[in-house]
Amino acid sequence: MIETVIEFLVALFLLIGAAFAFVGSLGLARLPDFYMRLHGPTKATTLGVGGMILGSVLYFSTRGDGLSLHELLVSLFLFITAPVSAHMLAKAALHLRVRIVERTRGNPDV
Amino acid sequence: MIRSSRFLPHPLLSLTLFIVWLLLVNSLSAGSMLLALVLAVLVPMFSHRFWPDHPRIHRPLQLMAYGLRLLRDIGIANLHVARLILRSPARLRPAFIHMSLDLRDDTAITLLASTVSLTPGTVSADISLDRRTLLIHVLDVDDPDALIADIKQRYEAPLKEIFE
Amino acid sequence: MIALAVPVAFALMALALLLNLWRVVRGPDLPDRILALDTMYVNSIALLVLFGIYLDTMIYFEAALLIAMMGFVGTVAIVKYLLRGDIIE
């Protein structure tokens, strides 16, 4: 019984994670300008990988070899670095004056 | 408030090193605990001069509460962004907004900028040279002022309490 | 159930990587390409984690961790080059 529940949870985490990662990449492919594209990968893809890693933690922790939490390190690292690389990319785009969709309100000059 | 001593100049760094080491070796045996402890004491001691100033955390418990709420908000943010991406992109209303900062502490500003990047439809893009204004790009926004008020109340106020 | 979920997740990740690749080729600007490469390394970490579950082994964890670190350093280095024209000042 409990094995079925765990197996179900692992499968659920894997599918949710993969779906988010896919949606993030879809956003990268179909949104119209650079700043909008930035939103997909920084949020959805990071969480997607986080979800899959939760699935992996659950899977390897319940095989009888004891708790296995080291995958969380990857996820933690991604959650810390994703905003930093997004910020730096945005800065570079501002510096290079990348094209912006016309309907964007406000101006990007600090 | 977490205080530093001569023996442990950076308590937070030590704690992080201890946990990360245990995660890396992926075991909780006495041997790896001991090695983690040794590393947690020695590394901050020898890299002491490398860290210019310590962030002062006045309320560690509140920082943890903040982290938990952030995790929940990240979940909500992702559902929100996923819906926006799947909807037709032509209907999105992107905007650049300037948010004046009340925070002065560098660590707090960094945390706020990262928080903004990880939560609903916003990415922090740049910060002015005098560190008083944060430039934010929003994927889809109706009322920019309401969004700024929301960020200030939800994230900036708790950070100000924790760090200043 | 896992036996069904893993191939589906593999397919989704493969599609995601193809979309990223399309963005790398298409551009149109340099930051777009860097962003696409950045997303590709994150997606490949997910692929490695999946592969670990598929083969029932933890041996790929170190590779995933290394890709996470090197990918971040790589992105920052390229962006720094774009911003300053130099990486180590």
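This report describes a three-stranded sheet in chain B, a pocket lined by several chains, and a few individual residues.

The model is predicted, so local features need pLDDT of at least 70, side-chain atom pairs count only at pLDDT 80 or more, and totals for chains, interfaces and linings use all residues. Residues are numbered from 1 along each chain as its sequence is written, chains are lettered from A and ligands numbered from 1 in the order in which they are written, and side-chain values use heavy atoms, with hydrogens and water left out.

**The sheet of chain B**

In chain B, three strands form an open sheet in the order β1-β3-β2, with antiparallel pairing. Strands here are DSSP runs of E with at least two residues, helices are runs of H or I with at least four residues, and both are numbered from the N terminus. Two strands pair if DSSP finds at least two bridges between them. The edge strands, each pairing on one side only, are β1 (95-100) and β2 of chain B. On average, neighbouring strands of this sheet are turned by 30 degrees against each other, direction ignored; the axes are lines fitted to C-alpha atoms, for helices over the stretch in contact, and angles run from 0 to 180 degrees between N-to-C directions.

Strand β3(B) (residues 133-138) pairs with β2(B) in the antiparallel sense over five bridges, and β1(B) pairs with β3(B), also antiparallel, over six bridges. The table gives residue pairs from these strands.

| Residue | Partner in β3(B) |
|---|---|
| T122(B) | V138(B) |
| V123(B) | H137(B) |
| I127(B) | L134(B) |
| M99(B) | L134(B) |

A hairpin is formed by β2(B) and β3(B), with five residues between them, and R131(B) in its turn has a positive phi of about 60 degrees. Most residues other than glycine have a negative phi.

Buried means under 20% relative accessible area, exposed means over 50%, and partly exposed lies in between (1.4 Å probe, protein chains only). Strand β2(B) (residues 122-127) is largely enclosed by the rest of the structure, because five of its six residues are buried. Strand β3(B) is mostly covered, with five of its six residues buried. I136(B) lies in strand β3 of chain B and counts as buried at 0% relative accessibility. The C-alpha atoms of I136(B) and I148(B), twelve residues apart along the chain, are separated by 9.7 Å.

**Helix α4 of chain B and the loop before it**

Helix α4(B) has 13 residues and spans 18 Å from its first C-alpha to its last, close to the expected 18 Å; the expected span is 1.5 Å times one less than the number of residues. Buried residues of α4(B) include A108(B), I109(B), L112(B) and V116(B).

D102(B) is found in the loop between β1 and α4 of chain B, and at 41% relative accessibility it counts as partly exposed. D102(B) and T133(B) are 31 residues apart along the chain, and their C-alpha atoms are separated by 9.1 Å.

**The second largest pocket**

About 930 Å³ of space lies in the second largest pocket. Of the 31 residues that line this pocket, the closest to its centre are H87(A), M88(A), K91(A), D126(B) and I127(B). On a 1 Å grid over the protein atoms alone, a cavity is a set of points where a 1.4 Å probe fits but cannot get out, whereas a pocket is an open set with protein on both sides within 12 Å along at least five of seven lines; lining residues have an atom within 4 Å of a point. Grid points are joined across faces, edges and corners, and a volume is the space filled by probe spheres set on the points.

At least two lining residues each come from α4 (71-96) of chain A, α4 (106-118) and β2 of chain B, and α3 (61-84) of chain C. The most is given by α4(A), with eight residues. By class, the lining has 16 nonpolar, seven polar and eight charged residues, where Ala, Val, Leu, Ile, Met, Phe, Trp, Tyr, Cys and Pro count as nonpolar, Asp, Glu, Lys and Arg as charged, and the others, Gly among them, as polar.
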